[in-house]
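Colleague: I should like to learn how to read the features of a model, taking them one at a time. May we begin once it is in front of us?

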Amino acid sequence: MTNPYDTLHAFYGDLHNHCNVGYGHGSIENAFDNAVLQLDFLCVTPHGHWHDLPTEPRLAAVADYHLRGFERTAAQWGHVQDLVRARYQPGRFVTFLGYEWHSLRYGDHTVYFNADEGDLIRADDMPDLRAALRQVRAAGTDMMLMPHHIGYKVGYRGINWAEVDPEFIHLVEVYSMHGAAESPAASPRYLHTMGPLDWESSLQYGLSQGHMVGVVGSTDHHSAHPGSYGHGRVGVWAPALTRTAIWDALTARCTYALTGDRIQLAFAINGHPMGAAAIMGPERQIAVQVTGGDALDTIEVLHNNRVIHRWTPPLLHETALPATVKVHLEVGWGARGENVDWDVALHVAEGELLAVEPRFRGHAIVEPQAKEQDRYAFSVWEQPSGDSVHFTTRTWGNPTPTTASTQGMCLELRADSHTRLTGTVNGQPFDVAIGDLLVGPRAHYLGGFLTPVLYFHRAVSDSDYMASFRCTHNVPTPGRDWYYVRVRQRNEQRAWSSPIWALAEDG
């Protein structure tokens, strides 16, 4: 059976994020600069309109900063379009034009143009919005809507599944910094002031009601840092890194949602890729292939929202040094709220550097602040030679014992018993053996007690971060069934595939 991913490549992006165009923080230039560090495609989505903005006196401050944000978006909309046009580099970095349309009744949506220009549509209900999008489409520019932070209760800015129309909605945002909306059991939980997850606003509920939607992760980050690590990203399978190819993959639902690590997830049934809807008989041949960013913990295949197959790693591994390893370098810790600027130069000695995955994050701030940060673009990385990496970044201490504000870089290496990581951190030398990191992590403090730390996570072998399996599912009475895959790593980073629908011959 052919592999539908043989001619495709995995690309990673963020389709929902904010800056100070709207009511966020940091310039839109900062947002684009941060995005190109670790993403392949981007849409910055300024706050555009809220047709049923609450008017209660207790929410006066909320209404005020939204209205001021909408004014800034309208005033800078031409500049937004100019940047989308200027920053598009086919084959290197893809940009889209879009904005956010708020609604208590219908749920918040992001609006996308398959172009670098278009009018800011301020429709006052969903029928009017759809009518306006039809006009744009009829004029030659395709349009798309995406419900985001879907998990909130209907009427409280969560998804209204009764209004989800396949004419423009192909995808829903199943993960962002708000939390995971797959199901009430999903993690991380919804903990924002807007409230908890409601079952009838979850992905599983929508699928059970017959909706055919794919999934994405987005950050919904408000500090000019698209792709902020741990806050959400989307993986797309496409033949090329162009606006047309990415758009076609999005509308075909050939997508998956990520929390942070650049997990590569390929999932097929009877030769059909994720997002497909195809007539199938009672026997379904399921193929799953995952390359993680850390050790894999569980991979589950679900049929009609129930787990039918669970992969877990073997209990024993060979003791020989693996062919390839991944090492996550993390910097941060130290005093809470105290900025620390980092300069890390690293060299792979007696080994080969195969790939570099930046894991940078921005300030996790949503509401307006009394005082802005001095800058919101503070990370840069380069590869001076084939076996060297240099990056500068900033950390500010973890705000709570359970919330990370660290920065990181994951290296994939071909290594043997002699391979070492050497270099300097803020002028101090370090020298760490990969063999030691395969046993356990190592910490390098910049000074005494309660000072910042360069942390080398335990090295993860290829047998731990790669998995491939096949299984067969037999359905006694074929109908309109759906399947999807979810992945969890040992570092708690996750991925969810878009579903594949198996249809009976009668539809």
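Colleague: How many of the residues of strand 8 are buried?

Modeller: The model is a predicted one. In strand 8, 6 of its 6 residues are buried, so the strand counts as mostly covered, burial meaning under 20% relative accessible area.

Colleague: What should one look for when strands lie together in a sheet?

Modeller: Strands of a sheet pair through backbone hydrogen bonds, and the pairing is either parallel or antiparallel. Here, strand 8 (residues 171-176) runs antiparallel to strand 9, with 2 bridges between them. Towards strand 10 its pairing is parallel, through 4 bridges.

Colleague: Which residues are bridge partners of Ser-176 and Glu-173 in these pairings?

Modeller: Ser-176 has Gly-179 of strand 9 as its bridge partner. For Glu-173, the partner is Val-216 in strand 10. The link between strand 8 and strand 9 is a hairpin of 2 residues.

Colleague: What is the strand order of this open sheet?

Modeller: The order is 9-8-10, an open sheet of 3 strands with mixed pairing. Strand 9 (179-180) and strand 10 (214-217) are at the edges, and each has a single partner strand, so one side of each lacks a neighbour in the sheet.

Colleague: Let us turn to strand 24. Which strands pair with strand 24 in the antiparallel sense?

Modeller: Strand 19 is joined to strand 24 by 8 bridges, the two running antiparallel. Strand 21 (residues 352-359) also pairs with strand 24 in the antiparallel sense, over 7 bridges. Individual positions can be matched across these pairs: Leu-329 has Met-409 of strand 24 as its bridge partner, and Leu-353 stands opposite Leu-413 of strand 24. Strand 24 (residues 407-414) is itself mostly covered, with 7 of its 8 residues buried.

Colleague: Strand 21 holds Glu-357. Is Glu-357 buried or exposed?

Modeller: Its relative accessible area is 7%, and therefore Glu-357 counts as buried.

Colleague: Which residues does Glu-357 touch beyond its sequence neighbours?

Modeller: Leaving out residues up to four places away in sequence, Glu-357 touches Gly-260, Asp-261, Arg-262, Met-409 and Cys-410. Arg-262 deserves attention in a reading of sequence against space. Glu-357 and Arg-262 are 95 residues apart in sequence, whereas their C-alpha atoms are 7.6 Å apart. The side chain of Glu-357 also reaches the backbone nitrogen of Arg-262 at 2.9 Å. In addition, the side chains of Glu-357 and Arg-359 share a polar contact of 3.2 Å.

Colleague: Another buried polar residue would make a useful second case. Why does Thr-395 count as buried?

Modeller: Thr-395 counts as buried because its relative accessibility is 1%. Thr-395 belongs to strand 23 (residues 388-395). Its side chain makes a polar contact of 2.8 Å with the side chain of Trp-342. Beyond four places in sequence, the residues that Thr-395 touches include Val-331, Gly-332, Glu-338, Ser-405 and Gln-407.

Colleague: How is a helix read in the same way? Which residues of helix 5 are buried?

Modeller: In helix 5 (residues 243-251), the buried residues are Arg-243, Ala-245, Ile-246, Trp-247, Ala-249 and Leu-250. After helix 5 comes Arg-253, with a positive phi near 65 degrees.

Colleague: Finally, how does one find empty space in the interior of a model?

Modeller: Rolling a probe the size of a water molecule over the atoms shows where empty space is left. In this structure there is 1 cavity of 30 Å³ or more. The largest cavity has about 30 Å³ of space.

Colleague: Which strand gives the most to the lining of the largest cavity?

Modeller: Strand 19 (residues 324-332) does, with 3 residues. The lining is made up of Gly-293, Asp-294, Lys-326, Val-327, His-328, Cys-410, His-457, Arg-458 and Val-460. Sorted by class, these are 3 nonpolar, 3 polar and 3 charged residues. Cys-410 appears in this lining, and Cys-410 is also one of the residues that Glu-357 touches.

Conventions: Residues are numbered from 1 along each chain as its sequence is written. This is a predicted model: local features need pLDDT of at least 70, side-chain atom pairs count only at pLDDT 80 or more; totals for chains, interfaces and linings use all residues. Side-chain values use heavy atoms; hydrogens and water are left out. On a 1 Å grid over the protein atoms alone, a cavity is a set of points where a 1.4 Å probe fits but cannot get out, and a pocket is an open set with protein on both sides within 12 Å along at least five of seven lines; lining residues have an atom within 4 Å of a point. Grid points are joined across faces, edges and corners, and a volume is the space filled by probe spheres set on the points. Ala, Val, Leu, Ile, Met, Phe, Trp, Tyr, Cys and Pro count as nonpolar, Asp, Glu, Lys and Arg as charged, and the others, Gly among them, as polar. Buried means under 20% relative accessible area, exposed over 50%, partly exposed in between (1.4 Å probe, protein chains only). A polar contact is a pair of N or O atoms within 3.5 Å; within protein, one must be able to donate a hydrogen and the other to accept it, and residues adjacent in sequence count only if both atoms are side-chain atoms. Contact means heavy atoms within 4.5 Å. Two strands pair if DSSP finds at least two bridges between them.
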